[in-house]
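Here is a set of short exercises to work through with the sequence and the 3D model open side by side. Try each task yourself before you read its solution.

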Amino acid sequence: MQSAVHPVQSLLARLKLRHLRVIQALGELRTAARVAEHFHVSPAAVSKTLAEVEEIVGMPLFERGHRGMRPTEIGREMLDGASIVIRQLGRMAESLHAMKEGTQGQLSLAFRTTSVHAHVAQAICAFRESHPNVDITIVEGGILELIDQLDEGVLDLVFAYDDPRFEQESLCRAPMIAEQALLVVASVNHPLLEKKRLTAKELAEHPWCLPVQGGRMLYHLQAAFRALGEAPPTTGVRVSDVSMTTRLMQTADFLAVYPQHIATQLEQEGLVRVLPFKLDRKVEQVVAIWNGALVSRSAAKAFRNYILNGQAAI
């Protein structure tokens, strides 16, 4: 006697890629008319495809309203799954195209901290020696924008300070740099370098290259001064860029605050001097983040393994 087909296998056998594409588009565009325009078909064809999927699933996927379609609970579940499947198929197509063209694929990276710049730059150059045909792109963006790009599979790897916004089920994290002390640095000829003892009040009275409003460094700087019983420094220039900060410090006498890794690197390059003053404050560890819900592009997986396993963490 022939065994019955398992319901899951039956559903998988009947669902087609076109079904998933239409469901995903309905989740984004909300109306059959807009989806029809997107795919250059008739609204009736979109409605027919939706009816086919709902018949296969056995439950409504959308609630119809005057403002458009809203996914039901099972509809949201299907949208999440369809999004992963479609993105993964895109990854597969990209890999196949790379093999056909004789290249080694693509790698897209982003940074939210300069702490790892030197380390990752060395890793990229070493990686290119064994993977010369990988197309490597380094992008910029805010945390939420980069998370969206990770979700979409456009971005392979982000290096950033650990942040609660990265605590998502799909995102994987690996440590790169442990928690670091905050250090105060000065221009190389700053008059405070001649003093053996410094107070927080003296530091606050001098011009600073201050972190921008709302940034992590400004929060830590202000908290450190308040813990010492002094008002935080407010005089100077607000700068978000490390290279501009060092330019300003080469031009005039300024103070600035950096994580130990960056401060030490800048001092070794002769750009700043670390002041003998302790700020009892640490910044979060630096982590590498990637989308664990997607099978990584081969080049991205090779680079991630290289930088996390091939070399010791900083």
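## Exercise 1: A strand and its neighbours

In strand pairing, Val 184 and Val 257 of β10 stand opposite each other. Please keep in mind that the model is predicted.

**Task.** Find out which strand pairs with β10, in which sense, and over how many bridges.

**Solution.**
- Step 1. Take β7, which covers residues 180-186. β7 and β10 pair over five bridges.
- Step 2. Check the direction: the pairing of β7 with β10 is antiparallel.
- Step 3. Look for another partner of β7. Strand β11, residues 273-283, is joined to β7 by five bridges, and these two strands also run antiparallel.
- Step 4. Pick a marker for that pairing: Val 185 stands opposite Val 274 in β11.

**Task.** Decide how many residues of β10 are buried, and what this says about its faces.

**Solution.**
- Step 1. Apply the cut-off: a residue is buried under 20% relative accessible area. For β10, residues 255-259, five of five residues are buried.
- Step 2. Recall the general pattern: side chains in a regular strand alternate between the two faces of the sheet.
- Step 3. Sort the residues by side. Leu 255, Val 257 and Pro 259 lie on one side, with Ala 256 and Tyr 258 on the other. Both faces of β10 are covered.
- Step 4. Turn to β7, where six of the seven residues are buried, so β7 is largely enclosed by the rest of the structure.

## Exercise 2: Two pockets

**Task.** Describe the largest pocket: what is its volume, and which residues are closest to its centre?

**Solution.**
- Step 1. Start with the volume, about 930 Å³.
- Step 2. Find the centre. The lining has 32 residues, and Arg 112, Thr 113, Thr 114, Met 217 and Ser 240 are the closest to the centre of this largest pocket.
- Step 3. List the elements that give two or more residues to this lining: β4 (135-139), β5 (157-161), β8 (208-210), α9 (216-227), α10 (242-251) and β10.
- Step 4. Look for the main contributor. With four residues, β10 supplies the largest share of the lining of the largest pocket.
- Step 5. Split this lining by class: 18 residues are nonpolar, eight polar and six charged.

**Task.** Do the same for the second largest pocket: which element gives the most to its lining?

**Solution.**
- Step 1. The second largest pocket holds about 220 Å³ of space.
- Step 2. It is lined by 13 residues, of which Leu 11, Leu 15, Leu 20, Met 78 and Ala 82 are the closest to its centre.
- Step 3. Two or more lining residues come from each of α1 (7-14), α2 (17-29) and α5 (73-101).
- Step 4. Among the contributors to the lining of the second largest pocket, α5 gives the most, with six residues.
- Step 5. By class, the lining of the second largest pocket has ten nonpolar residues, one polar and two charged.

## Exercise 3: Salt bridges

**Task.** Count the salt bridges and work out which parts of the chain some of them tie together.

**Solution.**
- Step 1. Recall that side chains of opposite charge can pair when their charged atoms come close. The count here is ten salt bridges.
- Step 2. Take Arg 64 and Glu 54, whose closest N and O atoms are 3.3 Å apart. Arg 64 lies in strand β1 (residues 62-65) and Glu 54 in helix α4 (residues 43-57), so this pair ties together parts that are ten residues apart in sequence. Glu 54 counts as buried, at 15% relative accessibility.
- Step 3. Move to Arg 297 and Asp 156, which meet in a salt bridge at 2.7 Å, N to O. Arg 297 is in the loop between β12 (286-291) and α12 (298-310), and Asp 156 is in the loop between α7 (143-152) and β5, so the pair ties together parts 141 residues apart in sequence. Both Arg 297 and Asp 156 are buried.
- Step 4. Finish with Arg 216 and Asp 163, a salt bridge with its closest N and O atoms 3.2 Å apart. Arg 216 sits in helix α9 and Asp 163 in the loop between β5 and β6 (171-177), 53 residues apart.

**Task.** Of Arg 216 and Asp 163, which is buried and which is partly exposed?

**Solution.**
- Step 1. Arg 216 has a relative accessible area of 25%, so Arg 216 is partly exposed.
- Step 2. Asp 163, with a relative accessible area of 6%, is buried.
- Step 3. Widen the view: a network of salt bridges links Asp 163, Arg 165, Arg 216 and Glu 284.

How values were computed. Residues numbered from 1 in each chain as written. Predicted model: local features only at pLDDT ≥ 70, side-chain atom pairs only at ≥ 80, totals over all residues. Heavy atoms only, no water. Buried < 20%, exposed > 50% of the residue type's maximum accessible area, 1.4 Å probe, protein only. Pairing = 2+ DSSP bridges. 1 Å grid on protein atoms, 1.4 Å probe; cavity = no way out; pocket = protein on both sides within 12 Å on 5 of 7 lines; lining within 4 Å. Points joined across faces, edges and corners; volume = space filled by probe spheres on them. Nonpolar A, V, L, I, M, F, W, Y, C, P; charged D, E, K, R; others polar. Salt bridge = Lys/Arg side-chain N within 4 Å of Asp/Glu carboxyl O.
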